[in-house]
Amino acid sequence: MKIAIQESLITGRDAAERFDRAASFGFEGIEVGWRNLAERVVELKRASRNSGLPISTICSGSPHDPLALYPQERGERLDRMVELLELADELGAVGSICVPIRRSLSFPDLSPAFSTRELISKLAAEMLAQAVHRTEGLKALVLLEPLNRYEAHYLCTLSDGVELAQMVDHPRVKVMADFFHMNIEEADIETSILAAGDWIRHVHLADSNRMLPGQGHTDFEAGFAALEEIGFQGFMALECGVLGDPEVELPRSVKFMRSLIA
Ligand code: LER
Ligand code: MN
């Protein structure tokens with residue numbers, strides 16, 4: 001398991017400085033954000049090469065969530081998802097994160113024909129199938145991210161993510177596990193990780209208070225042991241705030257996490 005960090009958590013004048021600083025703190029990868037990504041490819045590839053830190057993943061934003069009420073907007077969202085998958089491949093990243101739908105968008109209840117959940121899951125599966133079909137031949141995965149109930153009403157647990165991935169049934173549609181969301185939604189984080197098993201291809205790290213691992217009360221030792229048990233070898237990227245001086249606290253948190261990895 002490799003410890004990564006979102007680029008936005010590191011200060012620096014440019015990508016080169018941020019990647020170098022992340023490497024000096026002990027990180028082994030960088031998750032990049034979606035903003036201006038196409039224009040940043042050259043800069044990011046150079047920073048990655050010079051620092052020796054691979055780009056782990058792309059963190060998408062709400063403009064890339066595939067679901068929308070109307071076909072034209074769904075088409076535009078699909079185009080943006082496809083672009084991110086192409087960029088992920090170009091950057092050598094494991095994949096691009098996908099949240100199918102967030103809380104801000106409501107779908108109708110068409111029962112008895114379809115419940116809201118059936119409607120959303122069928123549409124999400126179809127959109128994801130189209131995204132991987134349009135990017136056939138690429139390696140980059142679609143990483144379905146379950147979010148907590150205050151951010152999303154659909155896909156809140158790992159098992160929700162696995163259910164949707166199984167509906168799509170494509171080798172490039174997988175699931176990721178965010179410790180902050182799991183802390184709210186999973187009855188038992190270890191059991192949920194073990195049940196999701198090989199579907200998990202990426203991890204987000206934040207403590208219970210969405211601060212650095214070690215600054216809250218999440219039991220990372222048990223969570224990491226479960227990830228080891230399922231044979232997870234991917235990136236775990238920090239997505240959190242920092243209490244204290246990042247120059248001190250970031251390397252301290254890396255040491256803390258490494259001490260928990262067998
Ligand atoms: C949002 O809370 C989150 O965890 C992000 O990774 C969503 O892309
Ligand atoms: Mn996350």
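These are my notes on the surroundings of a ligand and on two helix pairs in a predicted model.

**Ground rules.** Residues are numbered from 1 along each chain as written, and chains are lettered from A and ligands numbered from 1 in the order written. In this predicted model local features need pLDDT of at least 70 and side-chain atom pairs count only at pLDDT 80 or more, while totals for chains, interfaces and linings use all residues, and side-chain values use heavy atoms, with hydrogens and water left out.

**Ligand 1.** I looked up which residues surround ligand 1, and found C59, S60, E145, L147, E151, D178, H181, H204, R210 and E239, where near means that a heavy atom of the residue lies within 4 Å. I sorted this shell into two nonpolar, three polar and five charged residues.

I then checked the polar contacts (pairs of N or O atoms within 3.5 Å). An oxygen atom of ligand 1 lies 2.8 Å from a side-chain N or O atom of H181, while polar side-chain atoms come to 2.9 Å from a ligand oxygen in R210 and to 2.7 Å in E239. Of the 260 Å² of accessible area that ligand 1 has on its own, the protein covers 91% (Shrake-Rupley method, 1.4 Å probe).

**Helix pairs.** I noted that α7 (residues 189-196) and α8 (residues 220-229) pack at about 15 degrees with axes 9 Å apart, which makes them roughly parallel (under 35 degrees). Their crossing is right-handed.

I also noted that α4 (residues 116-134) and α5 (residues 158-168) pack at about 55 degrees, with axes 9 Å apart, so α4 is oblique to α5 (neither under 35, nor over 145, nor 65 to 115 degrees).

How values were computed
Polar contact = N/O pair within 3.5 Å; in protein donor to acceptor, adjacent residues only side chain to side chain. Nonpolar A, V, L, I, M, F, W, Y, C, P; charged D, E, K, R; others polar. Axes fitted to C-alpha atoms, helices over the stretch in contact; angles between N-to-C directions. Helix = DSSP H or I, 4+ residues; strand = E, 2+ residues; numbered from the N terminus. Left-handed = near helix turned anticlockwise from the far one by under 90°.
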